[in-house]
Each structure stands twice: as structure tokens, then as C-alpha cells.
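Me: I should like to understand how the terms used for a model such as this one are justified. Please set each value against its definition and then conclude.

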Amino acid sequence: MQNILNKPLVAYVAYGPLGIEHLKKFIKNYEKYESGFEHDLLICFKNFSDYSKIQEWKKIININFIEFYDREIKNDFDIGSFFRIAKKYSDRLIFFLGTYAAPIVRNWLKILINNYEPKSVLGTMGSYASMPSQFFNFYYNQYTKFQQIRWGLYHMIKVKLFPNPHIRTNGFMISAKDFLSLKYDRNK
């Protein structure tokens, strides 16, 4: 098992353009449901053009946390921030949480730690959603419908529709070193 002397890191992405409500929900649930395992909490502030907005958001957080200001301008989704966090905290076991994620059960981190094995990834979510369905349902407002149809068709050819096993980036645990060693093209 991971060296417990290095406490696990719980890394949550607060995505500025979506507004503060998701962060409020995360904080409310984080305080309501005990983790059951000692850890450090990191909140990653992503896609904020104005640091003063982050200062406003921080006023609602009455808990100790590590602030990670992700200055990347390009929206490379939560996964891009996860790579930058893993690079900075490369000696840690990290439980990555996307903007929409929040704990919903007591001992949530203890459950994960008890089931985690070295050299593995432990996902906390499953989904029937496929990459093409996200594009065909026009989920991404920042892209044109034409772009989304094109990407939906591309993924329909490249990715098996069902079953479509994949790690949802809403919540997963992996060691930072293992995560950084993944063969993942971050430029797409």
C-alpha cells in the first residue's frame, strides 16, 4: 500500500465559469460526511480570469485547504488540471474530484483507501454515457453544434458505444506517479 506517511490528497476542481453553486455543494457535503481517513484537501480554482473572484469564493470555505490556482487559459477540462496537480504533488496518492462531484456517504475516503491497490486506478463513478452521446446532446455550450456533431461522429467511429468502459473523471483515485505515466494525449 501507499506510504501512509504521505497523507492522501483529495483534489477538487472549482471551475469558475460554472458558478459557485457546485463548490457550495461540495463544501456542504464534505463537512456533512466524515471522510474517515486523514488527508489534505486541495481546491483547484480553474478558468478564473480575475483572481479577486477566487477571493470571493474562498470566503465561503471555512475549512483548511491547499489552494491551487490553475492559470492555464485553455480549457483542457478537469483532466488538464489533474495532470498539473499530479505534477506538483508527485509523491502523493490523489483522489481527484471533478466540479460536479461531492461526497454522499460517511467514511467515503476510508472506503476508497481500504480498496485501493498500488499500480491501479480506483473509480468511484460509472456511467452509461458515451463520448458521442455528450456531443450529440450538445452538452458543450462553448463549441458550435457543427463541431459537436463532428466530434460525436469521430468518437462513434473510434470508441465502442456500449459497453463503453471508461474512467469517469468525476472521481477516481490513483498515485500521482502512475497518473503521470499514463499514455494520454493532453493536446486533444
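**Strands and their partners**

Me: Which residue of β4 is the bridge partner of L9?

Reply: In β4, L9 has I94 as its bridge partner. Please keep in mind that this is a predicted model, in which local features need pLDDT of at least 70 and side-chain atom pairs count only at pLDDT 80 or more, while totals for chains, interfaces and linings use all residues. Residues are numbered from 1 along each chain as its sequence is written, and side-chain values use heavy atoms, with hydrogens and water left out.

Me: What makes β4 a strand, and how do you know that β1 and β4 are paired?

Reply: Strands are DSSP runs of E with at least two residues, and helices are runs of H or I with at least four, both numbered from the N terminus. Strand β4 covers residues 93-97. Two strands pair if DSSP finds at least two bridges between them. Four bridges join β4 to β1 (residues 9-15), so the definition of pairing is satisfied. These two strands run parallel.

Me: What partner does β4 have in β6, and how do the two run?

Reply: Five bridges join β4 to β6 (residues 171-175), and the two run antiparallel. F96 has F172 as its bridge partner in β6, and F95 has M173. In general, strands of a sheet pair through backbone hydrogen bonds, either parallel or antiparallel.

Me: Why are β3 and β5 said to stand at the edges of the sheet?

Reply: The sheet is open, has six strands with mixed pairing, and follows the order β3-β2-β1-β4-β6-β5. β3 (66-70) and β5 (122-123) each have a single partner strand, so one side of each is left without a neighbour in the sheet. Together with these six strands, the protein chain has seven helices.

**Buried residues**

Me: Why is S35 called buried?

Reply: Buried means a relative accessible area under 20%, exposed means over 50%, and partly exposed lies in between (1.4 Å probe, protein chains only). S35 has a relative accessible area of 12%, so the residue counts as buried. S35 is found in the loop between α1 (21-32) and β2 (40-46).

Me: What makes the pair formed by S35 and F37 a polar contact?

Reply: A polar contact is a pair of N or O atoms within 3.5 Å; within protein, one must be able to donate a hydrogen and the other to accept it, and residues adjacent in sequence count only if both atoms are side-chain atoms. A polar atom of the S35 side chain lies 3.0 Å from the backbone oxygen of F37, and this distance fits the limit.

Me: Why is K46 called buried, and what does its side chain join?

Reply: K46, in strand β2, has a relative accessible area of 0%, so the residue is buried. A polar contact of 3.0 Å joins the side chains of K46 and S81. Contact in general means heavy atoms within 4.5 Å. Leaving aside neighbours within four places in sequence, K46 is in contact with residues including D70, D78, S81 and R84. S81 is itself one of the buried residues of helix α3 (residues 77-88).

Me: Why is N29 called buried, and what does N29 touch?

Reply: N29, in helix α1, has 10% relative accessibility, so N29 counts as buried. Not counting residues up to four places away in sequence, N29 touches A102, P103 and I104.

Me: How do you know that β4 is mostly covered?

Reply: Five of its five residues are buried. L93, F95 and L97 point one way from β4, and I94 and F96 point the other way. In a regular strand the side chains alternate between the two faces of the sheet.

**A pocket**

Me: What makes the lining of the second largest pocket mainly nonpolar?

Reply: Ala, Val, Leu, Ile, Met, Phe, Trp, Tyr, Cys and Pro count as nonpolar, Asp, Glu, Lys and Arg as charged, and the others, Gly among them, as polar. The lining divides into 10 nonpolar residues, one polar and no charged. Of its 11 residues, F95, P103, I104, W108 and T124 lie nearest the centre of the pocket. A pocket, on a 1 Å grid over the protein atoms alone, is an open set of points with protein on both sides within 12 Å along at least five of seven lines, whereas a cavity is a set where a 1.4 Å probe fits but cannot get out; lining residues have an atom within 4 Å of a point.

Me: Which helix gives the most to this lining?

Reply: α4 gives the most, with three residues.
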